[in-house]
Amino acid sequence: MEEALLSFDNIPDLEKLQEMKASEDRYEARRGAALLESLKRDGSIAENYSYMIQVVRFGDTLLISALSGEVVVDYFLHLKNEIKGINIWVAGYSNDVMGYVPSEGGYEGGEAIRYSTLPGT
């Protein structure tokens, strides 16, 4: 098991957090309020996330890659192309659930952040 330190992008400043909290959009308001509370409690907004990755190999026949969050099929396809001669199983929602873990932008890599309390993508 390893932790990969992922950096958040587009972390909102205090002014933006206050705008978010005052939003009529309930998800945006909830996210803004949660991040303002983190700022008040911790003195700063988290700039990184410790992402858990676990790999278990069962002899020469099976490799399980347990990834945190809701992952996309691209992670399986990448491992399948990189590691030959063994069955590979990629399991999401393992060890931690923080939100989507896209392989690139799109809805999961952008707009869906509004449903979480993470500070950025």
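This is a short walk through one protein model, from its overall form down to a few single residues. Keep in mind as you look that the model is predicted.

Let us start with the whole chain. The protein has 3 helices and 6 strands. If you follow the sequence from start to end, these elements come in the order β-α-α-β-β-β-α-β-β. How spread out is the protein? Its radius of gyration is 17 Å, well over the 14 Å that the globule rule gives for 121 residues, so the protein is more spread out than a compact globule. You can also picture a box along the principal axes: the C-alpha atoms fill one of roughly 55 × 25 × 20 Å.

Next, think about inside and outside. Of the 121 residues, 30% count as buried. The protein exposes about 8000 Å², and carbon and sulfur atoms supply 50% of that area. There are charges to consider too: the protein has 11 positive and 20 negative ones, and the mean positions of these two groups are 5 Å apart.

How do parts of the chain meet? Among contacts with a separation of 6 or more, 63% are between residues 24 or more positions apart. Two ring pairs give you something concrete to look for, since the structure holds 2 aromatic pairs.

One of them is formed by F8 and Y49, an edge-to-face pair with 6.3 Å from centre to centre and 65 degrees between the planes. This pair links distant parts of the chain: F8 sits in the loop between strand 1 (2-7) and helix 1 (14-21), while Y49 belongs to strand 2 (residues 48-58), 41 residues apart. Is F8 buried or exposed? F8 has a relative accessibility of 14%, which is under the 20% cut-off, so F8 counts as buried.

Now turn to Y27 and Y115. Their ring centres are 4.7 Å apart and their planes stand at 70 degrees; because an angle over 60 counts as edge-to-face, this pair is edge-to-face. Here too distant parts of the chain are linked, with Y27 in helix 2 and Y115 in the segment after strand 6 (100-101), 88 residues apart. Y27 is partly exposed, at 28% relative accessible area, and Y115 counts as partly exposed at 40%.

Finally, stay with helix 2 and find S38, which lies in this helix of residues 26-42. S38 counts as buried because its relative accessibility is 18%. Which residues does S38 touch, leaving aside its neighbours within four places in sequence? S38 is in contact with G43 and S44.

Notes
Residues numbered from 1 in each chain as written. Predicted model: local features only at pLDDT ≥ 70, side-chain atom pairs only at ≥ 80, totals over all residues. Heavy atoms only, no water. Helix = DSSP H or I, 4+ residues; strand = E, 2+ residues; numbered from the N terminus. Buried < 20%, exposed > 50% of the residue type's maximum accessible area, 1.4 Å probe, protein only. Contact = heavy atoms within 4.5 Å. Phe/Tyr/Trp six-rings, centres within 6.5 Å; stacked < 30°, edge-to-face > 60°. Rg over C-alpha atoms; globule rule 2.2 N^0.38 Å. Areas by Shrake-Rupley, 256 points an atom, 1.4 Å probe, with all protein chains shown as cover. Lys, Arg positive; Asp, Glu negative; His and termini not counted. Charge placed at Lys NZ, Arg CZ, Asp CG, Glu CD.
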